[in-house]
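Me: Please take a close look at a single part of this structure. I should like to see how that part is built and what surrounds it, with each term explained as it appears.

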Amino acid sequence: MDKKKYTILIADDEYWTREKLRHMIRWEEYMLEFLEPAADGEDALRKIEENRPDILITDINMPFVGGVDLLQTVQKRYPDIVTFVISGYDDFDYVKGTFMSGAINCLIKPIAKIDLVNAVTKALEIIAEHESERLELLKAASVMQDREFSQILQQNETLIMPSAPEGGFPEFTSMSLMLVKIHNFPKIVRARGGDIDLLAYRIKKEMKKIFGKEDMIVFNYIYRLNEFIVVTEKFGKELLELAEKTKARLSVTIQSCVTICVSGHSYSLENLHKAYVEAVGLLMTRGYDKKDEVLSSRGDSHGGDKVKCHFTHDHEKQLKSALRAGKMETVREVIFEKAGLRSCAKNRWSYLEVKQTVRQILNLMLDHSVQSKGYLKAGDMESVAESVEKITENLDTAALCEAFEEMIEYCTPERKETVTDTMRGIVRQAAEWIDGHYSEELSLGSLAEQYHVESSYFSKVFRQEIGENLIFYITNKRIEKAKEYVKNTEMNLAEVAF
């Protein structure tokens, strides 16, 4: 069943303003239909009568019928239409009459994307109060903010904040950024039914409660779905206290390890990206364990310690030699014991030290794969390497080592195993299980444990009987399903990929 679409009408006598608003947001992705704009007040009244839009955005200064008169007529005849205004005048006294006519916000030209997104979000929230599809509308408003604000951050755009004090949206003169990293987000999404948009909406709602009536922007960063970004005027001790409250609340409500990084306070709104980079730098200093942490550019952290190289030149030579000779036990010894990956949490490695070590080892194993199996097979190896790097984010040493075990199994020279009929049956059962449970958290270790088989032997027999490495079999099943989603649903690519 198709979701209901809500209509939005623009009324402005300037052609370029109408076209700018038409293309500023991908309206169709958020349950919205952008109607053909009106060129003046009379045209707007005709289009309102014909189309009965849900949202009206009107210029305040138009020929024939002005914006204030238009709004008064709309409020009288069509009280359910949510309205807000555009003005070329930054004198608020001039446009305050529009708020007496029911408009919810005033946008000052030139209109910035962040202004428009916030205003339309507010409009959808108002509509949701009267709709049976309330939750779907609130999710659509939430997703709009997430996607549009994420693009601003990703593209390193200038952050222009809303300009009208009566509209209920932030008017920042300075800002701090708070990065909230949820380290096992995919598992949490699965545990809550798989609706990532709904979970993101609820997490943001929790954070808004913590900040109270404080002006803030909070969004889920769609390019790293386990990150939430808060932009606020708060700073110093007050913001750190809010960060601690956020940590405590999320730790209980989502039951996952959380890291919160607070950037320095800036008196320039030129760039949101710079504050984000600073927060990510703080994230890299945290310890590689499952302890919740709040890190600040003002506070003490591991950042004062020198980053240590744990995978040395000697380790590199030993690992290369063991891989060439096919000595997989030596490979395991170098990675887990000599380089120390298995004891990284115990020895208080930083998150950055683990990520660097993981990347060094992966690069070396990928090089070996190219040399021994060719570029085509090495592409498969790259997929496994990407999954290892993703697992690194979970701050789970045991899971990270298990992922490396799968890498090692892939590098192991193929040898013909003697297989019993019972073992063949187990492998076939496992393949069927994967076909029906591809969206769950699957790994060599978990499947071997499920079927009570030693993992190394299970991996070799699976590859021998099915004709494909276990991890690639799982990945290919997921890709097949992704193709179906792209072809047959309205999901965007980020949702399909997740």
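Reply: The structure holds 0 disulfides, a disulfide being a pair of cysteine sulfur atoms within 2.5 Å. Cys 401 is in no disulfide, and the nearest cysteine sulfur, that of Cys 344, is 6.7 Å away. Cys 401 counts as buried because its relative accessible area is 3%; buried means under 20% relative accessible area, exposed over 50%, and partly exposed in between, with a 1.4 Å probe and protein chains only.

The model is a predicted one, in which local features need pLDDT of at least 70 and side-chain atom pairs count only at pLDDT 80 or more, while totals for chains, interfaces and linings use all residues. Residues are numbered from 1 along each chain as its sequence is written, and side-chain values use heavy atoms, with hydrogens and water left out.

The protein chain has 19 helices and 10 strands. These are DSSP runs numbered from the N terminus: helices are H or I with at least four residues, and strands are E with at least two. Of the 498 residues of the chain, 51% count as buried.

The part chosen for the close look is strand E7 with its partner. Strand E7 covers residues 216–220, and 5 of its 5 residues are buried, so the strand is largely enclosed by the rest of the structure. In a regular strand the side chains alternate between the two faces of the sheet. Both faces of E7 are covered: Met 216, Val 218 and Asn 220 are buried on one side, and Ile 217 and Phe 219 are buried on the other.

The partner is E8, which runs antiparallel to E7 and is joined to it by 5 bridges; two strands pair if DSSP finds at least two bridges between them. A hairpin of 6 residues connects E7 to E8. Across the pair, Ile 217 stands opposite Val 231 in E8.

Strand E8 spans residues 227–232 and contains Thr 232. Thr 232 is buried because its relative accessibility is 0%. Its side chain reaches the backbone nitrogen of Lys 234 at 3.0 Å. This is a polar contact, a pair of N or O atoms within 3.5 Å; within protein, one must be able to donate a hydrogen and the other to accept it, and residues adjacent in sequence count only if both atoms are side-chain atoms. Thr 232 and His 265 are 33 residues apart in sequence, and their C-alpha atoms are 9.5 Å apart in space.

Val 218 of E7 also belongs to a nonpolar core. The largest such core has 94 residues, among which Leu 116, Met 365 and Phe 404 touch the most other members. A second, separate core of 26 residues includes Val 218, Leu 225, Leu 250 and Val 258. A nonpolar core is a set of buried Ala, Val, Leu, Ile, Met, Phe, Trp, Tyr and Cys residues joined through side-chain atoms within 4.5 Å.

Another strand, E9 (residues 258–262), holds Thr 259. Thr 259 is buried because its relative accessible area is 0%, and its side chain makes a polar contact of 2.6 Å with the side chain of Arg 286. Leaving aside residues up to four places away in sequence, Thr 259 touches residues including Leu 179, His 183, Leu 283 and Glu 293; such a contact means heavy atoms within 4.5 Å. Among contacts in the chain between residues at least 6 apart in sequence, 70% join residues at least 24 apart.
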